[in-house]
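User: Please take a close look at the ligand site in this model, and then follow the surrounding protein outward as far as the evidence allows.

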Amino acid sequence: MHQTLLVTGGAGFIGSNFIRYWLEAHPEDHVINLDALTYAGNLASLKDVEANPHYRFVQADIGDYTKVRKALEGVDWVVNFAAESDNNRAIHDPGIFVKTNVLGTQTLLAAARDADVKRFHHISTCEVFGELELDETRLFREEDPYMPKTPYNASKAGANHVVMAYYYTFKLPVTISHCANNYGPYQFPEKVIPVFATKALRNESLPLFKSSQNKREWIHVTDHAKAIDAILHRGRVGEAYNIGTLAEKSVEDIADAVLTTLEKPSSLKTYIPDRPQHDKRYLLDPTKIQTELGWKPEIDFDKGIRDTILWYRDHPEWWEPLIKKSS
Ligand code: NAD
């Protein structure tokens, strides 16, 4: 059965990789990319798919009911990536995070309900569960209470509550996934891996937060896309799934991987003050998606990170204009 997907935020990092993956894995399906093209949206990330007759782009804000409702005509599945996604920016302007991530998601849900879609899949994050201590043995489970500590995390937790309210109250067929930190090509150079890679390539210093032993769990963006595929095809409506890999690396490990891969000296590392509420650690328990849906990550971290760093080395035409624009 062929599907038509509306992918929101498809001009961003994960959304663009997801669209590329989907059109290859499901060439009979149709994909509509709905994106407001904020600073983080970049259609250059989809140059190779723009001529595909099964792909279409619509510029719209997920908070614009009229445009979204029109774009939803004939759509079977919605995958909602659209969000303000940067913790650092959220400290300076929390309001836009609530506006897009909570109110925008609610408007999208309302339009999806009116359009009678068969599935609304919402992309959430491990960060809704709060933070773990560095030596804690607990993992986040899907049913754990949300305990967000930053404006970005709070807005993502708020969105999850609204998504579930549409499931219980209006019977909208929803699913949610909580994902670990993604890495891969086409990530905006404000996030740690592209920042480190693009700075090292220009022989500039790499800014590590002072708590450089803080850890993140890493997943390659293609493994993430495959997990969403599994949830859309086989996931149970009304359920949330953790998409975790158990591959934990500190900020220091990431900086070392970048410097080693690019053969740059470790003297490029510099230490900067932590941002307020710099969460120490997150770790997802992936048992549910592994046992219920048979998904597991396929890309080994050491190989995936190396290929990613080399992708930034080999594609300055993609990232240089973004750095010029934001400086
Ligand atoms: P991103 O910032 O690279 O992309 C976000 C995209 O959403 C951009 O194309 C932007 O133009 C678009 N957008 C923003 N506001 C919009 C609006 N109001 N209407 C329509 N489009 C809008 O983000 P990303 O890293 O690709 O993350 C995608 C999703 O995955 C987000 O929901 C994020 O919270 C979630 N997530 C990300 C990670 C990660 O490691 N990057 C981890 C877990 C979850």
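Analyst: The shell around the ligand divides by residue type into 15 nonpolar, ten polar and three charged residues. In this predicted model, 28 residues surround the ligand, and the closest are I14, D35, S85, Y152 and K156. S85 also makes a polar approach through its side chain, in which an N or O atom is 2.7 Å from an oxygen atom of the ligand. The backbone takes part as well: a backbone N or O atom of F13 lies 3.0 Å from an oxygen atom of the ligand, and a polar backbone atom of G41 is 3.5 Å from an oxygen atom of the ligand. Taken alone, the ligand exposes 840 Å², of which the protein buries 97%. The elements that give two or more residues to this shell are α1 (13–25), β5 (119–125), α5 (151–170) and β7 (181–183), and the largest share, three residues, comes from β5.

From the ligand site, α1 leads on to the nonpolar interior, since this helix appears both among the elements of the shell and among those of the largest nonpolar core. That core has 38 residues, of which F18 and I243 touch the most other members. At least two residues each are supplied by β1 (4–8), α1, β4 (77–80), α7 (221–234), β10 (240–243) and α9 (287–293), and α7 gives the most, with six residues. The surroundings of I243 can be listed in full: leaving aside neighbours within four places in sequence, I243 is in contact with S177, H178, C179, A180, I219, H224, A227, I228, I231, L284, I289 and W295. Apart from this core lies another, of 29 residues, with V75, V78, V162 and V174 among them.

Beyond the cores, two threonines in helices can be set side by side. T261 lies in helix α8 (residues 251–261) and counts as buried because its relative accessibility is 15%, which is under the 20% limit. The side chain of T261 reaches the backbone oxygen of A257 at 2.6 Å, and, not counting neighbours within four places in sequence, T261 is in contact with R306, I309 and L310. T107, in helix α4 (residues 94–114), is likewise buried, at 14% relative accessibility, and touches I62, G63, D64 and Y65 when residues up to four places away in sequence are left out.

V192, in helix α6 (residues 192–201), is partly exposed, with a relative accessible area of 29%. From C-alpha to C-alpha, V192 and T308 are 12 Å apart in space, although 116 residues separate them in sequence.

Two loop residues deserve a separate word on backbone geometry. K171, in the loop between α5 and β6 (174–179), has a phi near 60 degrees, a positive value in a residue other than glycine, and K171 is exposed because its relative accessible area of 64% is over 50%. L246, in the loop between β10 and β11 (248–250), also has a positive phi, near 65 degrees, and is again a residue other than glycine. With a relative accessible area of 47%, L246 is partly exposed.

Notes: Residues numbered from 1 in each chain as written. Predicted model: local features only at pLDDT ≥ 70, side-chain atom pairs only at ≥ 80, totals over all residues. Heavy atoms only, no water. Near = heavy atom within 4 Å. Polar contact = N/O pair within 3.5 Å; in protein donor to acceptor, adjacent residues only side chain to side chain. Areas by Shrake-Rupley, 256 points an atom, 1.4 Å probe, with all protein chains shown as cover. Helix = DSSP H or I, 4+ residues; strand = E, 2+ residues; numbered from the N terminus. Nonpolar A, V, L, I, M, F, W, Y, C, P; charged D, E, K, R; others polar. Core = buried A, V, L, I, M, F, W, Y, C linked by side-chain atoms within 4.5 Å. Buried < 20%, exposed > 50% of the residue type's maximum accessible area, 1.4 Å probe, protein only. Contact = heavy atoms within 4.5 Å.
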